[in-house]
Amino acid sequence: TYEKGTPLFRALKDEEFLPPDEALSGAMYRRAIGALSKNGFSQYEISSFARGARFRSRHNMNYWNGGDYAGLGAGAVSYAGGVRASNIPDVAEYVRRYKAGESLVSSSEKLSAKRSAREKAAVRIRTIDGIDSKWFHKTTGYDLFSLEGDAIKGLIESGLIVYKKKRGSITGIRLTGKGIPLCDTVSAGLL
């Protein structure tokens, strides 16, 4: 993703370079996974690797598990108690407001329980373990397959996710090899 307003975005817009096509990006991604695996790192999220579970990013695991988090600084986003808040994106205005003791929040929204549950699904699917249906029900109060049934069916038919099974019973969903590089599409489908 190329973030608007960054030097890389401007260079892309000015055609100073061409982004790699999807096939090359996929090949580079698979090569990176292979190199990391050969050196003792295991993948636990789309773009995260660690040498063992105890070295996983606690901050990121909290995010992927649907926990509350504080966003500090200009443009940062926080989520707490079902409320998502975004800080002023302009650094000079952020600093001015901070010095004046004014609110640093530019917008906030109270998510409905259903919207919050869908967002938890969209974020959690990024993990290699995917979404456990018992975990989902415990943390959201919703049945994963009732809430996301149509989306899950379409994503399975597209080959992007599969059911997780234990002793013949469906226990959740996870990305497939095809779905990992297309996880943004999967996440969007779950929203």
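Strands β6 and β8 run antiparallel and are joined by 2 bridges in this predicted model. One of these contacts puts I131 across from I173 in β8, and D132 stands opposite G172 of that strand. G172 turns up again on the other side of the story, since it is also the bridge partner of K164. That second pairing belongs to β7 and β8, which are likewise antiparallel and are held together by 6 bridges. Put together, the three strands make an open antiparallel sheet in the order β6-β8-β7. β6 (131-132) and β7 are the edge strands, each with a single partner, so one side of each has no neighbour in the sheet.

The link between β7 and β8 deserves a look of its own. The two strands form a hairpin with 2 residues between them, and R167 in this hairpin takes a positive phi near 50°. In sequence terms, R167 sits in the loop that runs between β7 (161-166) and β8 (169-175). R167 is not a glycine, yet its phi is positive, at about 50°. As for its surroundings, R167 counts as exposed because its relative accessibility is 77%, against a cut-off of over 50%.

A positive phi in a residue other than glycine also crops up at E15, where the value is near 60°. Here the setting is a loop between helices: E15 is found between α1 (7-13) and α2 (22-38). E15 is exposed too, with a relative accessible area of 66%.

Another open sheet of 3 strands has the order β3-β4-β5, again with antiparallel pairing. Its edges are taken by β3 (77-80) and β5 (105-110), each of which pairs on one side only. On average, neighbouring strands in this sheet are turned by 15° against each other, with direction ignored. Within the sheet, β4 (residues 83-87) and β5 pair in the antiparallel sense over 5 bridges. Serine faces serine at one point along this pairing, where S86 stands opposite S107 in β5.

Earlier in the chain, β1 (residues 42-45) and β2 (residues 48-50) run antiparallel and are joined by 3 bridges. These two strands form a hairpin as well, with 2 residues between them. E45 has S48 of β2 as its bridge partner.

Turning to the aromatic side chains, the structure holds 5 aromatic pairs. In one of them, W135 and F136 have ring centres 6.5 Å apart and planes at 50°; that angle lies between the limits of 30 and 60 degrees, so the pair is classed as tilted. Both residues are out of the way of solvent by the accessibility criterion: W135 is buried at a relative accessible area of 17%, and F136 is buried at 0%. The cut-off for burial is under 20%, which is why W135 still qualifies at its 17%. W135 has a charged companion as well, as R124 lies over the face of its ring, at 4.8 Å from the ring centre. Elsewhere, ring pairs link three tyrosines, Y63, Y69 and Y79, into a cluster. Y79 falls within the residue range of β3 (77-80), one of the edge strands described above.

At the level of the whole chain, the secondary structure comes to 8 helices and 8 strands. The C-alpha atoms fill a box of roughly 60 × 45 × 35 Å along the principal axes. Of the 191 residues, 32% count as buried. The accessible surface comes to about 12,200 Å², and carbon and sulfur atoms account for 54% of that area. Among contacts with a separation of 6 or more, 39% are between residues 24 or more positions apart.

Note on methods
Residues are numbered from 1 along each chain as its sequence is written. This is a predicted model: local features need pLDDT of at least 70, side-chain atom pairs count only at pLDDT 80 or more; totals for chains, interfaces and linings use all residues. Side-chain values use heavy atoms; hydrogens and water are left out. Two strands pair if DSSP finds at least two bridges between them. Helices (H or I, at least four residues) and strands (E, at least two) are DSSP runs, numbered from the N terminus. Rings of Phe, Tyr and Trp (its six-membered ring) pair if their centres lie within 6.5 Å; planes under 30 degrees apart count as stacked, over 60 as edge-to-face and the rest as tilted. Buried means under 20% relative accessible area, exposed over 50%, partly exposed in between (1.4 Å probe, protein chains only). A charge sits over a ring if NZ of Lys or CZ of Arg is within 6 Å of the ring centre and within 35 degrees of the ring normal. Axes are lines fitted to C-alpha atoms, for helices over the stretch in contact, and angles run from 0 to 180 degrees between N-to-C directions. Contact means heavy atoms within 4.5 Å. Accessible areas come from the Shrake-Rupley method with a 1.4 Å probe; for residues, only the protein chains shown count as cover.
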